[in-house]
Amino acid sequence: MKRGILMSILFLFTILILLAQGCTYVTDKENYCKTDNDCVIGGCSGTLCGNREFIENQGFTTCEWKEEYICYKKTTCECINNKCQWKETNEFLNCMEEKGE
């Protein structure tokens, strides 16, 4: 019984620590950024959005072409909430829906 209570307290303490770190804690190193300049486009078909270090060292994709890849030309790779990601503009989202992703 005491062990169960101790484990529950330890679990709650861990959750509180994670919550105290807030939204700035990023574990996704390949997408972490501070500014838009930290983010670059990569991959053979230009479909990867990540930080410069990741794209230059690990950002590889197979060289294939899918119709929806044209949609990435309708958006930008930006730093949003400290994460490199594609900006989901209406034009981009509509294109992706139209092209079948």
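**View 1. Helices and strands of the protein chain.** In this predicted model, the protein chain contains 3 helices and 4 strands, and when these elements are read along the sequence they follow the pattern α-β-β-α-β-β-α. The protein chain has 101 residues, of which 26% count as buried, and its accessible surface comes to about 7,800 Å², with 55% of that area belonging to carbon and sulfur atoms. Where contacts in the protein chain link residues at least 6 apart in sequence, 46% of them join residues that are at least 24 apart.

**View 2. The hairpin of β1 and β2.** Strand β1, which covers residues 39-42, runs antiparallel to strand β2, which covers residues 48-51, and the two are joined by 4 bridges. Within this pairing, isoleucine 41 has cysteine 49 of β2 as its bridge partner. The hairpin has 5 residues between the strands, and glycine 43 takes a positive phi near 85 degrees there.

**View 3. The largest nonpolar core.** This core, the largest of its kind in the model, is made up of 13 residues, and those with the most contacts inside it are Cys39 and Tyr72. At least two residues of the core are supplied by each of β3 (77-80), β4 (83-86) and α3 (90-99), and the element that gives the most is α3, with 3 residues. Cys39, named above for its contacts inside the core, lies at the start of the range 39-42 that forms strand β1.

**View 4. The aromatic pairs, with tryptophan 65 and tyrosine 69 in close-up.** The count of aromatic pairs in the model comes to 4. In one of them, tryptophan 65 and tyrosine 69 are arranged edge-to-face, with 5.6 Å from centre to centre and 90 degrees between the planes. The pair counts as edge-to-face because an angle over 60 degrees between the planes falls in that class. The two partners differ in exposure: tryptophan 65 has a relative accessible area of 51% and is exposed, whereas tyrosine 69 has a relative accessible area of 13% and is buried. Tryptophan 65 is classed in this way because the cut-off for an exposed residue is over 50%, and tyrosine 69 because a buried residue has under 20%.

**View 5. The aromatic cluster.** Ring pairs link five side chains, those of Trp65, Tyr69, Tyr72, Trp86 and Phe92, into a cluster. Tyr72, a member of this cluster, is also one of the residues with the most contacts inside the largest nonpolar core. Of the other members, Trp86 falls within the range of β4 (83-86) and Phe92 within that of α3 (90-99).

Terms used: Residues are numbered from 1 along each chain as its sequence is written. This is a predicted model: local features need pLDDT of at least 70, side-chain atom pairs count only at pLDDT 80 or more; totals for chains, interfaces and linings use all residues. Side-chain values use heavy atoms; hydrogens and water are left out. Rings of Phe, Tyr and Trp (its six-membered ring) pair if their centres lie within 6.5 Å; planes under 30 degrees apart count as stacked, over 60 as edge-to-face and the rest as tilted. Buried means under 20% relative accessible area, exposed over 50%, partly exposed in between (1.4 Å probe, protein chains only). A nonpolar core is a set of buried Ala, Val, Leu, Ile, Met, Phe, Trp, Tyr and Cys residues joined through side-chain atoms within 4.5 Å. Two strands pair if DSSP finds at least two bridges between them. Contact means heavy atoms within 4.5 Å. Accessible areas come from the Shrake-Rupley method with a 1.4 Å probe; for residues, only the protein chains shown count as cover.
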